[in-house]
Amino acid sequence: FFTERMCISVAPRYLNAVFKSRRVSDNGAQQLLLDISLIKSIFLMLPNLVHNPSVQSNSTMPSASPSSLSTNAMKAAYERLVQKEFGRVEQVLKTLMAPTSVLLDAYIELVPDRTVGELQRILMLRNASTAETNQILEQFAIRSPSLSTDASNG
């Protein structure tokens, strides 16, 4: 399924492109969030554009044929995939928009699969000072002890 592969490819690449930036302002993070929301909505519309169901004439109730049920199941699975892939990018961008004083709380609350490396990248994008970065990373190590030794991940 081409759209699935494209979704799995585009979302992480978008996030990697954000992480390659030197610094992202609050307005920049808001714009990136708007952009990814638009891209996500386009991806959600793709199956409808690619697979136009045939219109049944003189019928008020469409038949529930096995092929239409499987098509609906495939669309639902695709929507879950798009929500998962692009939702992850949205979560990171929302964390990036949080003030530095509550950034760790936002990161822990919004991002389920957290890593030290990703948190460091977010702090770099926020242009956090070295002292702020060290303090937040220490707090993260205390609050997420199983992840504290996995600094290379992310």
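This briefing describes the fold, three of the helices, one pocket and a few single residues of a predicted model.

The protein has 154 residues, of which 32% count as buried (buried means under 20% relative accessible area, exposed over 50% and partly exposed in between, with a 1.4 Å probe and protein chains only). It contains six helices and zero strands, where helices (H or I, at least four residues) and strands (E, at least two) are DSSP runs numbered from the N terminus. Because this is a predicted model, local features need pLDDT of at least 70 and side-chain atom pairs count only at pLDDT 80 or more, while totals for chains, interfaces and linings use all residues. Residues are numbered from 1 along each chain as its sequence is written, and side-chain values use heavy atoms, with hydrogens and water left out.

**Overall fold**

- Read along the sequence, the elements of the protein follow the pattern α-α-α-α-α-α.
- Among the contacts in the protein with a separation of 6 or more, 74% are accounted for by residues 24 or more positions apart, contact meaning heavy atoms within 4.5 Å.

**Helix 1 and V10**

- The 18 residues of helix 1 should span 26 Å at 1.5 Å a residue, and the end C-alpha atoms are 26 Å apart, which agrees (the expected span of a helix is 1.5 Å times one less than its number of residues).
- The buried residues of helix 1 are T3, C7, A11, Y14, L15, V18 and F19. They cover an arc of only 145 degrees around the axis, which puts them on the same side of helix 1, the arc being that of the directions from the helix axis to the C-beta atoms.
- On the other side of helix 1, the residues F2, R5 and R13 are exposed.
- V10, also found in helix 1, is partly exposed, with a relative accessible area of 29%.
- Not counting residues up to four places away in sequence, V10 touches F43 and F86; the C-alpha atoms of V10 and F86 are separated by 8.9 Å, although the two residues are 76 residues apart along the chain.

**Helix 3 and E90**

- E90 lies in helix 3 and is buried, with a relative accessible area of 12%.
- Leaving aside its neighbours within four places in sequence, E90 is in contact with L33, I36, S37 and K40.

**Helices 4 and 6**

- In helix 4, the residues L103, L104, A106 and Y107 are buried. They cover an arc of only 160 degrees around the axis, which puts them on the same side of helix 4.
- Helix 6, formed by residues 130-143, has 14 residues and reaches 20 Å from its first C-alpha to its last, close to the 20 Å expected at 1.5 Å a residue.
- T133, I136, L137 and F140 are buried in helix 6. They cover an arc of only 100 degrees around the axis, which puts them on the same side of helix 6.
- A131, E138 and I142 are exposed on the other side of helix 6, whereas the buried residues of helix 6 pack against helix 4 (103-110) and helix 5 (116-125).

**Loops**

- P99 is found in the loop between helix 3 and helix 4, and at 47% relative accessibility P99 counts as partly exposed.
- The C-alpha atoms of P99 and R126 are separated by 8.9 Å, with the two residues 27 residues apart along the chain.
- N127 is found in the loop between helix 5 and helix 6 and is exposed, with a relative accessible area of 52%.
- Phi of N127 is near 60 degrees, a positive value in a residue other than glycine.

**The second largest pocket**

- A pocket is defined on a 1 Å grid over the protein atoms alone, as an open set of points where a 1.4 Å probe fits, with protein on both sides within 12 Å along at least five of seven lines; lining residues have an atom within 4 Å of a point.
- The second largest pocket has a volume of about 260 Å³, a volume being the space filled by probe spheres set on the points, which are joined across faces, edges and corners.
- This pocket is lined by 14 residues, of which P12, L15, R88, D113 and E118 lie nearest its centre. The elements that give two or more residues to the lining are helix 1 (2-19), helix 3 (66-97) and helix 5.
- By class, the lining of the second largest pocket has five nonpolar, three polar and six charged residues, where Ala, Val, Leu, Ile, Met, Phe, Trp, Tyr, Cys and Pro count as nonpolar, Asp, Glu, Lys and Arg as charged, and the others, Gly among them, as polar.
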